[in-house]
Amino acid sequence: MSGVLRNKVQRKFKMRGYSLKVEALSEVLSFLSHFPSDALDDALELLLDELHHLSLKSSILDREPVHKVVSLLLEADAAVEENPSSSSSSASALRVIDTFIVPKFRYDPVKKFFHEHTGRLPIHGDASAKATLYKDRFLLLFQRVSRDPRFSTLAFDASSSDYGSCEISPIQSLVGRVGRRWIMGVISQLEDGHFYLEDLTAAVEVNLSSAKITTGFFVENTIVLAEGEMQLDGVFQVRTCGFPPLEDREKSMAFFSGLDFFGGGILTKEETLRLAELEKNAVNDMFVILSDVWLDNEEVYMLLFSLSNPLFLVLIRLD
């Protein structure tokens, strides 16, 4: 029986892309010995799921990472046995996640999928780090907008679409083209008093004087969708401007296929339903995130302290 179980463990790990050293295999078999035969498959799958959340240096596993996960699982199992009522409130437990082991995913616009960045990122970024940050942020929003039926590429003539032709055009393609176009870019001020929209292909000066602004607060470095026309003087006359549209949770989860972007584990079906119910009831709740706050600017300083939400004061001290 031990030989059959040994082969089964190695096969399961191989299916997940792992190879086990002898010490690691012994650790797994020792862990499985705590469970009855009808629960071995579930215990093994749980172990593999928890290993997937670790930041592993290699797909060839030694004893250390396996022992770490096994110890946590056995401690959790022992805690549940001592106090069974605590398992019912586990969904509300606080989970602390080390920022250095949070998975780093990047979107590949060619292959159209997310891949995990396996290298270790430095604490202090180099000169290109901020440009990479904005590029990753742009691609993260672009992949979401590209799935929206109002902005996705049409397979047939625009007249067959309920939304009309709202396909996002690269800024570089605006040269020599007439008519209404939709573009997506980052608001920047490359020259004093002149605002531009930048994407990964080019930058274009924009005129927002007659633009219809949808609900939102736009500042520099904000990524927006803009509809308008290219003028003869090379300025893009914006007619409508707004934030990229949101996406339903179900659609996002179906596309991400269980990717763990935060490092907190994959939510169970019950937790997902509970979270959806909480979000539905939280009509007036919001998260406010401040970045690149210029506290040496007196107007910004007074504006932040005039806000009644104490969250702002906390963020100021952390900035």
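Two strands pair if DSSP finds at least two bridges between them. Helices (H or I, at least four residues) and strands (E, at least two) are DSSP runs, numbered from the N terminus. With those terms in hand, let's begin the tour.

This is a predicted model: local features need pLDDT of at least 70, side-chain atom pairs count only at pLDDT 80 or more, and totals for chains, interfaces and linings use all residues. Residues are numbered from 1 along each chain as its sequence is written, and side-chain values use heavy atoms, with hydrogens and water left out.

**Stop 1: strand 5 and its partners**

Select residues 180-191, which form strand 5, and add strand 9; seven bridges join these antiparallel strands. Click on R181 and look across to strand 9, where G228 stands opposite. Now try M184: which residue is its bridge partner in strand 9? The partner is L225.

Next, add residues 194-198, which are strand 6; strand 5 pairs with strand 6 in the antiparallel sense over four bridges. Here V186 stands opposite E198 of strand 6. Strand 5 and strand 6 form a hairpin with two residues between them, and G193 in the turn has a positive phi of about 80°.

**Stop 2: strand 9 and strand 10**

Stay with strand 9 (residues 223-230) and show its surface. How many of its eight residues are buried? Six are, so the strand is mostly covered; buried means under 20% relative accessible area, exposed over 50%, and partly exposed in between, using a 1.4 Å probe and protein chains only.

Then select residues 236-242 to bring up strand 10, which runs antiparallel to strand 9 and is joined to it by six bridges. One pair to find is E229 with Q237 of strand 10, which stand opposite each other. Five residues lie between the strands of this hairpin, and G234 takes a positive phi near 85°. While you are looking at strands, remember that in a regular strand the side chains alternate between the two faces of the sheet.

**Stop 3: D108**

Move to D108, which you will find in strand 3 (residues 105-108). Is D108 buried or exposed? With a relative accessible area of 18%, D108 is buried. Leaving aside neighbours within four places in sequence, D108 is in contact (heavy atoms within 4.5 Å) with F113 and H115. Try a distance label as well: the C-alpha atoms of D108 and Q143 are 9.2 Å apart, with the two residues 35 places apart along the chain.

**Stop 4: helix 1 against helix 2**

Select residues 2-15 for helix 1 and residues 22-32 for helix 2; they pack at an angle of about 115°, with axes 11 Å apart. Axes are lines fitted to C-alpha atoms, for helices over the stretch in contact, and angles run from 0 to 180 degrees between N-to-C directions. Helix 1 and helix 2 are therefore roughly perpendicular to each other (angles under 35 degrees count as roughly parallel, over 145 as roughly antiparallel, 65 to 115 as roughly perpendicular and the rest as oblique). Show side chains for L5, R6, V9, Q10 and F13 of helix 1 and for L25, V28, L29 and L32 of helix 2, which make the contact.

**Stop 5: helix 2 against helix 3**

Finally, keep helix 2 and add helix 3 (residues 40-52); their packing angle is about 135° and their axes are 10 Å apart. That makes helix 2 oblique to helix 3. Look where V28, F31 and L32 of helix 2 meet L40, A43, L44 and L47 of helix 3.
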